[in-house]
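Colleague: Got a minute to walk me through this one? I'd like to start with the strands.

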Amino acid sequence: TRREIVKNLAPEYRKATKKEKGKIIDTLVPLTGYHRTYASWLLSHHGRTVLVRGPQGHRYRVGGTITTTKRNRPRKYDATVFTSLKKIWAIFDCPCGKRLAPSLCWMIEKLALSPEVRSKLCSISPAMVDRLLHKEKQQFIPFSRPSTKPGTLLKHRIPIRTYAEWNENTPGFCEMDLVAHDGGDPRGDYCQTLDVVAVSTSWTETEAVKNKAQKWVFQAFTSIRQRLPLSPSGHRFR
């Protein structure tokens with residue numbers, strides 16, 4: 001439908017003045033959703049043969065059926081290179097492309113590979129490594145989603161720090177979290193473990209709970225609190 005509209009307006013557009021062309025574009029843009037610049041180009045070049053830029057430039061008629069051409073250039077990294085890359089990737093314990101690519105030249109010296117494969121692996125980029133191994137990496141992505149989600153209320157109030165940025169040196173200051181034991185299937189009920197760690201002393205206490213209900217979590221925390229040697233004020237609980 002859009003091609004028919006452009007086809008009908010193109011002859012009138014070429015004969016129109018600058019002001020009249022603006023009015024024609026104002027009519028065409030709401031009907032087709034085209035950008036004004038692209039609409040003007042279509043109206044000016046409709047029916048003409050243009051050259052498309054690219055490694056294999058080809059000509060096509062504006063307003064006609066767009067045809068695609070198959071890639072004739074042979075692949076540089078064929079199945080032989082991929083097989084060797086996959087083996088080396090597995091030997092290095094499946095790192096990303098940025099870590100694997102700099103180590104390929106050193107590793108291929110220890111493998112019985114042809115000179116052509118050696119040359120290609122030494123010149124491969126980290127981005128190409130990731131593209132070639134994309135399907136292999138998909139096998140290691142778990143299908144289940146994590147059951148713990150960040151809360152929206154305290155999301156921006158809880159600081160994110162590394163191991164060297166803790167300044168809570170008061171004994172009894174604790175961090176706690178629930179660990180789900182769903183075995184990869186989050187459906188139904190399963191045990192959770194409440195993990196409480198004292199930051200300054202690294203004292204750790206754990207207790208299993210039925211689920212994430214407030215009743216069981218509070219009951220487990222009360223039990224753990226009685227087992228902690230020091231309170232946040234530095235005094236013993238008992």
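Colleague: In what order do the three strands of the open sheet come?

Modeller: One thing up front: this is a predicted model. The order is β3-β4-β5, and the pairing is antiparallel.

Colleague: What holds paired strands together in general?

Modeller: Strands of a sheet pair through backbone hydrogen bonds.

Colleague: Which strands sit at the edges?

Modeller: β3 (174-180) and β5 (204-209). Each pairs on one side only.

Colleague: How many bridges join β3 and β4?

Modeller: Seven, with β4 spanning residues 192-198. Take Asp177: its bridge partner in β4 is Asp195.

Colleague: And what is the average twist?

Modeller: From one strand to the next, the twist averages 20 degrees.

Colleague: Which helix lies across those strands?

Modeller: That's α10, residues 214-227. It lies across β3, β4 and β5 and runs at about 150 degrees to β5.

Colleague: New topic. How many residues are in the largest nonpolar core?

Modeller: There are 15. Leu85, Ile88, Leu100, Leu121 and Val129 have the most contacts inside it.

Colleague: Which helices supply at least two residues each?

Modeller: α4 (79-91), α6 (104-108) and α7 (115-123). The largest share, four residues, comes from α4.

Colleague: What does Ile88 touch, leaving aside neighbours within four places in sequence?

Modeller: Ile88 is in contact with Leu100, Leu104, Met107, Ile108, Leu111 and Leu121.

Colleague: What about the other core: which residues are among its members?

Modeller: Leu9, Leu28, Tyr34 and Ala39 are among them. That core has 13 residues and lies apart from the largest one.

Conventions
Residues are numbered from 1 along each chain as its sequence is written. This is a predicted model: local features need pLDDT of at least 70, side-chain atom pairs count only at pLDDT 80 or more; totals for chains, interfaces and linings use all residues. Side-chain values use heavy atoms; hydrogens and water are left out. A nonpolar core is a set of buried Ala, Val, Leu, Ile, Met, Phe, Trp, Tyr and Cys residues joined through side-chain atoms within 4.5 Å. Buried means under 20% relative accessible area, exposed over 50%, partly exposed in between (1.4 Å probe, protein chains only). Contact means heavy atoms within 4.5 Å. Two strands pair if DSSP finds at least two bridges between them. Axes are lines fitted to C-alpha atoms, for helices over the stretch in contact, and angles run from 0 to 180 degrees between N-to-C directions.
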